[in-house]
Amino acid sequence: MATTSRALEVTVISGEGLRVDRRRPVKKNAFVIVRTNSQNSRSTAASDDSGGSSPAWNEKLVVEMPPHAWFLTVEVRCRAKSGDKVVGTASIPASDFVGGNLPANYLHFLSYRLRDGSGEPNGIINLSVRVKGAENGVGAAATCAAAASISRPWVGGAVVVGKVAGGVVTGVPSRS
């Protein structure tokens, strides 16, 4: 299996209900930063000067995604006289657009809730993601899919154990 990064074609389509400091709607100059969890790969969409709290960018960005990357981070910001303000951020798991039995170059249309610095909901971002390229008829997402499908240990509270059926214990994780 190859260990090189893959190019993601991310089209930042639009935003909905964007607010500055959760109080006042964004009036203009909203822009988007898209990056993987490695700090080396980052792209920026041009600002929307007239979209208000529901800007439309419709801009294609290409981001390199290394095979070990777990998330694609989308951050919406607003230019102001006092400097750029973060409107909201969404972390998109790689498993949402890689892996599975999808054809090569499959286009995923995705919408995510943005969260502000306090973790409160602050608008929605609409985008599409396509993993570019294919190798020998195999889906282009093969390398990223391997990273996204590695089993990770469950981290959380206690496990609620159900009944024993035929010597096998079944359980459901619960948040404590």
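## A colleague's note on a mostly stranded chain

1. T11 is buried, because its relative accessible area of 14% falls under the 20% cut-off for that class. Please keep in mind from the start that this is a predicted model. T11 sits in strand β1, which covers residues 6-16. Leaving aside residues up to four places away in sequence, T11 touches N58, E59, K60, N126, L127 and S128.

2. Here is the overall plan, to help you find your way. The chain has one helix and 12 strands. Followed along the sequence, these elements run in the order β-β-β-β-β-β-β-β-β-β-α-β-β. The chain holds 176 residues, and 37% of them are buried. If you take the contacts between residues at least 6 apart in sequence, 59% of them join residues at least 24 apart.

3. One of the contacts of T11 deserves a second look: N58. This residue belongs to strand β6, residues 56-65. Is N58 buried or exposed? N58 is exposed, because its relative accessibility is 56% and the exposed class begins over 50%. The backbone here is worth checking too: phi of N58 is positive, at about 45°, although N58 is not a glycine. As background, most residues other than glycine have a negative phi.

4. N29 is another residue with a positive phi, near 65°, and N29 is not a glycine either. N29 lies in the loop between β3 (24-25) and β4. You will meet N29 again in the lining of the largest pocket.

5. Now for the charged pairs. Side chains of opposite charge can pair when their charged atoms come close. How many salt bridges does the count come to? The count comes to five. One of them joins the side chains of R130 and E9, with N to O at 3.4 Å. This pair links distant parts of the chain, with R130 in strand β10 (residues 121-131), E9 in strand β1, and their positions 121 residues apart in sequence. E9 counts as buried, because its relative accessibility is 13%. E9 and R130 also belong to a salt-bridge network that includes K60 and K132.

6. E75 offers a second place to look. E75 forms a salt bridge with R35, and the closest N and O atoms are 3.8 Å apart. Because E75 lies in strand β7 (residues 71-78) and R35 in strand β4 (residues 30-36), the pair ties together parts that are 40 residues apart in sequence. Both partners are buried: E75 has a relative accessible area of 8%, and R35 has a relative accessibility of 19%. E75 also meets R77 in a salt bridge, at 2.6 Å from N to O. R77, at 23% relative accessibility, counts as partly exposed.

7. Strand β4 itself is a good stretch to view from both sides. How many of its seven residues are buried? Seven of the seven are, so β4 is mostly covered. On one face the buried residues are A30, V32, V34 and T36, while F31, I33 and R35 are the buried residues on the other. β4 pairs with β7 in the antiparallel sense, over seven bridges. Within this pairing, T73 in β7 is the bridge partner of R35.

8. Finally, the largest pocket. Rolling a probe the size of a water molecule over the atoms shows where empty space is left. The largest pocket has about 160 Å³ of space. Its lining residues are V20, R24, P25, V26, K27, K28, N29, C78, R79, A80, K81 and K85. Sorted by class, the lining has six charged, five nonpolar and one polar residue.

9. K85 is a handy landmark in this pocket lining. K85 lies in strand β8, residues 85-93, and counts as partly exposed at 28% relative accessibility. How far apart are K85 and V20 in space, C-alpha to C-alpha? The distance is 7.6 Å, although K85 and V20 are 65 residues apart in sequence. Not counting residues up to four places away in sequence, K85 touches V20, D21, V76, R77, C78 and A80. R77 in that list is the residue that forms a salt bridge with E75.

Methods. Residues are numbered from 1 along each chain as its sequence is written. This is a predicted model: local features need pLDDT of at least 70, side-chain atom pairs count only at pLDDT 80 or more; totals for chains, interfaces and linings use all residues. Side-chain values use heavy atoms; hydrogens and water are left out. On a 1 Å grid over the protein atoms alone, a cavity is a set of points where a 1.4 Å probe fits but cannot get out, and a pocket is an open set with protein on both sides within 12 Å along at least five of seven lines; lining residues have an atom within 4 Å of a point. Grid points are joined across faces, edges and corners, and a volume is the space filled by probe spheres set on the points. Ala, Val, Leu, Ile, Met, Phe, Trp, Tyr, Cys and Pro count as nonpolar, Asp, Glu, Lys and Arg as charged, and the others, Gly among them, as polar. Helices (H or I, at least four residues) and strands (E, at least two) are DSSP runs, numbered from the N terminus. Buried means under 20% relative accessible area, exposed over 50%, partly exposed in between (1.4 Å probe, protein chains only). Contact means heavy atoms within 4.5 Å. A salt bridge is a side-chain nitrogen of Lys or Arg within 4 Å of a carboxyl oxygen of Asp or Glu. Two strands pair if DSSP finds at least two bridges between them.
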